[in-house]
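Trainee: I should be grateful for a close look at the salt bridges of this model, with some account of the surroundings in which charged side chains are placed.

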Amino acid sequence: MSQIEIADISKTYAIGDISINAVDNVSLKIDKGDFVSIVGHSGSGKTTLLSIIGGIIGPTSGSVVYDGMDICSLNDDKLSEYRSEKIGFMFQFASLLPILTVKENVILPGLFSKKGLGDNIKKAEQYLDMVGIGDKADAYPSQLSGGQQRRVAIARALINNPEVILADEPTGDLDEETEAEIMDLFKRLNREKRVTFIFITHNLDLARQAQRQVQMKNGLLNEVLL
Amino acid sequence: MFREFTLFTLALRNLRRKPFRTGVLIIAIGLLVASILFVLSFVRRVDSSIKTASDRLGADLLIVPTGSRGAAEDVLLENKVKTFFMDKSIVDRVKNIEGISDVTYQTYLVTIVGSCCDVPETLVIAFNQDTDFVIKPWLSKELGRRLNKGEAIVGHESAFNIKIGLTEVDSVLFGNMFKMVGVLDKTGTGLDTAIFIDEENIEDIMKKGKSDLKPGQISAIFARVEKGYDPYLVAGEVEDTIVETDTMSRRDIGKDLINTLRDFSRIFSMTVMLASILSVFLVWTVFSAIANERSREVGIMRAIGAKESHIVKIYFLEVLVIGSIGGIVGIISGTTFSFFAAKSFMILKDLSSDLTVLERSSISVVSFLSGTGICMVGALLPINRIKKMEPLLAIKEE
Ligand SMILES: Nc1ncnc2c1ncn2[C@@H]1O[C@H](COP(=O)(O)OP(=O)(O)O)[C@@H](O)[C@H]1O
Ligand SMILES: [Mg+2]
């Protein structure tokens, strides 16, 4: 049994009379430790697919089974737990809380987790060093550039030791050097801790570094056979 | 600092982001709590002062000259200085009425500083120590013996006024020297501001001619009713038999005052109700705005694992902080205001009884809880909306 089994999921948005198939009958199996890239034009349904896997939105039809558990049938609390314990999500857009410092933003997921804060503070400092903004730990998000905020979001996604990391254009506004560092970090976590990675990117070079590559077009998914 | 990073931290940070709005809410709740506290204190004081006063007089019936009912109530309930007189022979006529057991009487004199006396305007009560049952219960502990001629004992409050107890002073009353031999226990009635002397002294007082009292006059008769008789019926009987008198039974004493004060209480209570409703709307409006402003943030928190209950906790903590700070501000300002109001409002100044520490604290607690409760009620719907913010908001661009 695969870690994540996506079977025939569709997501339809209705805008007035028009309905859009953002995700159209997609099936995909992902094993623990897989390293998957998703490419596709803007509006092809990548974010929608990633959000369905992450339990952030529900599909209109189909099922997502995680370690044998159908996440589409979970109640709100259980689904929150799934998001909290299993998934680390990096959003496409700025997603830090303006009232918290960088370090507090990073440890925030611990507040919502059964495991609690634990040694998150030390870990947060390590991760922030790792993504190169250790000196900004006590700054507020408004004092950071877009690229720096993205790095904070990466540290935040890692803090609860998720089994799966879902990253929506994680290196979007980053310079090539940092981009490479982040990819190295992902690969290392993937190798050493068997963390599953699914990331969306526009950068085909990055996509090619993944062990599996999928393409999306008009809601349809195609796996590139290597 | 990081050890204490909790949901409460989030609530506090949220409050700090718009200090002016938070301040306005706190002040609004503070004002509300202050007015609740003031009104509760007022209502409570009115109730207890009337109840204690009529109960503590120890008489079932109060008999006064016709038309002096209000004046008698002013004297006994409100610490006012008033006199009224009737013929002493009425005492015996009251005694003869069926159902009356004990009868005693008092004569009221007013001191006028400078002309007759050396104490400020005070009511002097001359009473009959053989028959008395009104003063005695408050006197026995202090003195342990009869008051002699030329001796006076002062009410609890006037003791303070003329500084008895601090220094032993003798005073001139109606041209006669009186030795102040003690202080009456606190009665919580109009008696607290009076000075008491035995009726033996009246003769001397009249000899000096410094009082407008005429021979054979008294002011009020106190009577007890025999077991098995209805005080109301006996009161009616007294009034019918002795047309020169007005008679009040224990429960009637202070009825007009009660009604006036009850009206005040009612107006105050209605005002507080309106203020509460306004506060609910204010909190509701503010938190609805908050729900809109922070919808995406809440969506992000949900997307990274927060349950609805986490969100609810954060926002209830926010409301609670506003409610508690507002409550404390309100208790402090309300207590201060009540204190000054008691000094400057005629109607409160004249009430004889004051609130006990227990009453004061329970009123504070009730006001505090009402303030916080009203905050909660106002925030209920908006918070319910906030917690329903979808995690999907996190994937949208701002
Ligand atoms: N909440 C929504 N309401 C309506 N349409 C949406 C919503 N989210 C996405 N869509 C539409 O679904 C399609 C796929 O969007 P998305 O998954 O964001 O694509 P991508 O991430 O590949 O750019 C787009 O046409 C988009 O306009
Ligand atoms: Mg997208």
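Mentor: A salt bridge is counted where a side-chain nitrogen of Lys or Arg lies within 4 Å of a carboxyl oxygen of Asp or Glu. The model is a predicted one, and a search of the whole of it finds 26 salt bridges over all chains.

Consider the pair formed by B:Arg13 and A:Glu104, whose closest N and O atoms are 2.6 Å apart. This pair crosses between chains, running from helix α1 of chain B to helix α3 (residues 102-111) of chain A. The cut-off for a buried residue is under 20% relative accessible area. B:Arg13 is therefore buried, at 10%, and A:Glu104 is likewise buried because its relative accessible area is 0%.

The helix that carries B:Arg13 spans residues 7-17 of chain B, and its buried residues include B:Leu7, B:Leu10, B:Ala11, B:Asn14 and B:Leu15. The N-terminal end of this helix is capped by B:Thr6, which places a side-chain oxygen 3.2 Å from the backbone nitrogen of B:Phe8. As for the chain as a whole, chain B is divided into domain 1 (7-52 + 257-396) and domain 2 (58-252). The C-alpha centres of these two domains of chain B lie 48 Å apart.

Two further pairs lie within single helices. In chain A, the side chains of A:Glu81 and A:Lys78 meet in a salt bridge of 3.7 Å, N to O. Both residues belong to helix α2 (residues 76-85) of chain A and are three residues apart, about one turn of the helix. An α-helix has 3.6 residues a turn, so residues three or four places apart point the same way. A:Glu81 counts as buried at 16% relative accessibility, whereas A:Lys78 is partly exposed at 44%.

In chain B, B:Asp92 and B:Lys95 form a salt bridge of 3.5 Å, N to O. They too are three residues apart, in helix α4 (residues 90-95) of chain B. Here B:Asp92 is partly exposed, with a relative accessible area of 45%, and B:Lys95 is partly exposed, with 41%. Salt bridges that share partners also join A:Lys78, A:Glu81, A:Lys114 and B:Lys307 into one network.

A charged residue without such a partner is A:Asp168, in strand β7 (residues 164-168) of chain A. A:Asp168 is buried yet has no salt bridge, and the nearest side chain of opposite charge, that of A:Lys46, is 6.7 Å away. The side chain of A:Asp168 instead makes a polar contact of 2.7 Å with that of A:Thr47. Leaving aside neighbours within four places in sequence, the contacts of A:Asp168 also include A:Leu50, A:Met90, A:Phe91, A:Gln92, A:Arg150 and A:Ile200.

A:Lys46 and A:Thr47 lead on to ligand 1, since both are among the residues around it, as are A:His41, A:Gly45, A:Thr48 and B:Lys396. Ligand 1 lies between chains A and B. An oxygen atom of ligand 1 is 2.6 Å from an N or O atom in the side chain of A:Thr47. A polar side-chain atom of A:Thr48 lies 2.4 Å from an oxygen atom of the ligand, and a polar backbone atom of A:Gly45 is 3.0 Å from a ligand oxygen. A:Thr47 thus has a side-chain contact with A:Asp168 and a side-chain N or O atom 2.6 Å from an oxygen of ligand 1.

Methods. Residues are numbered from 1 along each chain as its sequence is written. Chains are lettered from A and ligands numbered from 1 in the order in which they are written. This is a predicted model: local features need pLDDT of at least 70, side-chain atom pairs count only at pLDDT 80 or more; totals for chains, interfaces and linings use all residues. Side-chain values use heavy atoms; hydrogens and water are left out. Helices (H or I, at least four residues) and strands (E, at least two) are DSSP runs, numbered from the N terminus. Buried means under 20% relative accessible area, exposed over 50%, partly exposed in between (1.4 Å probe, protein chains only). Lys and Arg count as positive and Asp and Glu as negative; His and the chain ends are not counted. A polar contact is a pair of N or O atoms within 3.5 Å; within protein, one must be able to donate a hydrogen and the other to accept it, and residues adjacent in sequence count only if both atoms are side-chain atoms. Contact means heavy atoms within 4.5 Å. Domain bounds come from an automatic or database domain assignment. A residue is near a molecule or strand if one of its heavy atoms lies within 4 Å of it.
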